[in-house]
Amino acid sequence: TACSQAFPNIAFEFNALVAQLDQTPVEVELDHPMTGDPTSYTLDRNTFTNAVHLLSYASETAVLLPLLIHTTYEQEDFRLFAAMALTTFSNMEQSISNGMRFSVLCAEDIPFYPDNPDTQGYLGDFVVSTFREICTYWPTQPVSPEFHQAVVSDAPVLLLSGEADPATPPSNGELAAQTLSNSQHWVVPGMGHINIFRGCIPNLATDFIDKASFAGIDSACIQDISSMPLFVNFNGPVP
């Protein structure tokens with residue numbers, strides 16, 4: 001409620017920024033947030049929306065998005081967003097092996113993308129077109145035709161989703177559960193991607209692994225997990 005009151009036009013402001021950068025990229029001068037060095041950085045639609053997408057992966061950064069978008073729009077100043085984008089991309093480059101990433105994507109995902117993918121979302125066709133271009137050069141081996149068939153099993157399987165995951169939403173877990181007859185799907189309220197470390201989940205997951213069974217495991221405590229409150233100004237959320 002506090003966020004809605006503070007930023008009542010956030011959808012309009014976001015779309016306006018996307019449209020502006022789509023027409024005219026903005027070159028920003030700032031001190032690099034990781035090194036402190038004077039840096040010139042160009043924000044276009046793709047870098048802007050990609051940063052938004054990556055920031056939405058975790059509640060700890062997603063809570064900043066409305067404030068960042070509103071401040072950027074209101075002040076007509078992209079420096080704060082450029083700093084967040086540089087930080088986000090730098091952290092990702094340090095934590096992901098792109099060689100491994102594209103060895104997987106180019107074999108398991110890209111060949112199965114539709115010829116005319118839905119580009120109505122704010123990311124447009126950037127991700128699909130970029131990945132396809134990379135995969136024309138990256139060496140890979142095709143997977144078997146059966147690779148994307150659903151796994152059918154009665155083995156105990158724990159499916160864990162974040163309610164607000166922008167990459168693997170709970171609907172994916174529900175789809176997987178359809179052919180995993182001895183599975184449980186735990187959805188973590190308000191959270192994004194990767195939740196094994198949150199709240200009571202480490203203890204629950206450890207018990208499940210030790211027992212290879214859901215017997216005696218009460219997952220009700222997961223509903224006590226909550227995301228951080230959305231920031232309404234740079235002092236933080238409403239107390």
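This is a short tour of the structure above, stop by stop, with something to select at each one.

**Stop 1: the whole chain**

Start with everything in cartoon view, and keep in mind that this is a predicted model. You should find 10 helices and 4 strands in the chain. Trace the ribbon along the sequence and the pattern reads α-α-β-β-α-α-α-α-α-α-β-α-β-α. Zoom out to take in the C-alpha trace, which spans about 55 × 50 × 35 Å along its principal axes.

How much of the chain is buried? Of its 239 residues, 33% are. Now for the contacts: among those with a separation of 6 or more, residues 24 or more positions apart account for 70%.

**Stop 2: two helices side by side**

Select residues 10-23, which form helix 2, and then residues 45-55, which form helix 3. Two packed helices are described by the angle between their axes and the distance between the axes. For helix 2 and helix 3, the axes come within 8 Å and cross at roughly 145°.

Switch on the side chains here. On the helix 2 side, pick Phe14, Leu17, Val18, Leu21 and Asp22. Their partners in helix 3 are Arg45, Phe48, Thr49 and Val52. Colour this contact by class and you get 6 nonpolar, 1 polar and 2 charged residues.

**Stop 3: Thr72**

Keep Leu17 of helix 2 on screen, because Thr72 touches Leu17 too. Select Thr72 itself, in helix 5 (residues 65-75). Is Thr72 buried or exposed? Its relative accessible area is 1%, and the cut-off for buried is under 20%, so Thr72 is buried. Leaving aside residues up to four places away in sequence, Thr72 also touches Asp77, Phe78 and Phe81. Show those side chains as sticks to see what surrounds Thr72.

**Stop 4: the disulfides**

Next, select the cysteines. A disulfide is a covalent bond between the sulfur atoms of two cysteines. How many disulfides does a search of the whole structure find? There are 2. Counting bonded cysteines along the chain, they pair up as 1-2, 3-4.

Go to Cys106 and Cys135, where the sulfurs sit 2.0 Å apart. The torsion about this S-S bond is about -80°, so the disulfide is left-handed. Cys106 belongs to helix 7 (residues 98-108) and Cys135 to helix 8 (residues 126-135), so the bond ties together parts that are 29 residues apart in sequence. Both of these cysteines are buried.

Then jump to Cys200 and Cys221, joined with an S to S distance of 2.1 Å. With 95° about the S-S bond, this link is right-handed. Cys200 is in the loop between strand 4 (183-188) and helix 10 (201-211), while Cys221 is in the segment after helix 10, 21 residues away.

Compare how accessible these two cysteines are. Cys200 has 19% relative accessibility, which is under the 20% cut-off, so Cys200 counts as buried. Cys221 comes out at 24%, so it falls in the partly exposed range between 20% and 50%.

Before moving on, select Cys3 as well: it is buried, with a relative accessible area of 15%.

**Stop 5: the largest pocket**

Turn on a surface and look for the largest pocket, with a volume of about 1400 Å³. Which residues are closest to its centre? Select His53, Leu54, Tyr57, Met92 and Arg101, out of the 37 residues in the lining.

Now colour helix 3, helix 6 (79-95), helix 7 and helix 8, each of which supplies at least two lining residues. Helix 6 gives the most, with 8 residues. By class, the lining of this pocket divides into 21 nonpolar, 12 polar and 4 charged residues.

**Stop 6: the second largest pocket**

For the last stop, find the second largest pocket, with a volume of about 670 Å³. It is lined by 21 residues, and those nearest its centre are Ala167, Thr168, Asn172, Gly173 and Ala176. Select strand 3 (157-162) and helix 9 (170-177), the elements that give two or more residues to this lining. Its classes are 10 nonpolar, 10 polar and 1 charged.

Notes
Residues numbered from 1 in each chain as written. Predicted model: local features only at pLDDT ≥ 70, side-chain atom pairs only at ≥ 80, totals over all residues. Heavy atoms only, no water. Buried < 20%, exposed > 50% of the residue type's maximum accessible area, 1.4 Å probe, protein only. Contact = heavy atoms within 4.5 Å. Disulfide = S-S within 2.5 Å. 1 Å grid on protein atoms, 1.4 Å probe; cavity = no way out; pocket = protein on both sides within 12 Å on 5 of 7 lines; lining within 4 Å. Points joined across faces, edges and corners; volume = space filled by probe spheres on them. Nonpolar A, V, L, I, M, F, W, Y, C, P; charged D, E, K, R; others polar. Axes fitted to C-alpha atoms, helices over the stretch in contact; angles between N-to-C directions.
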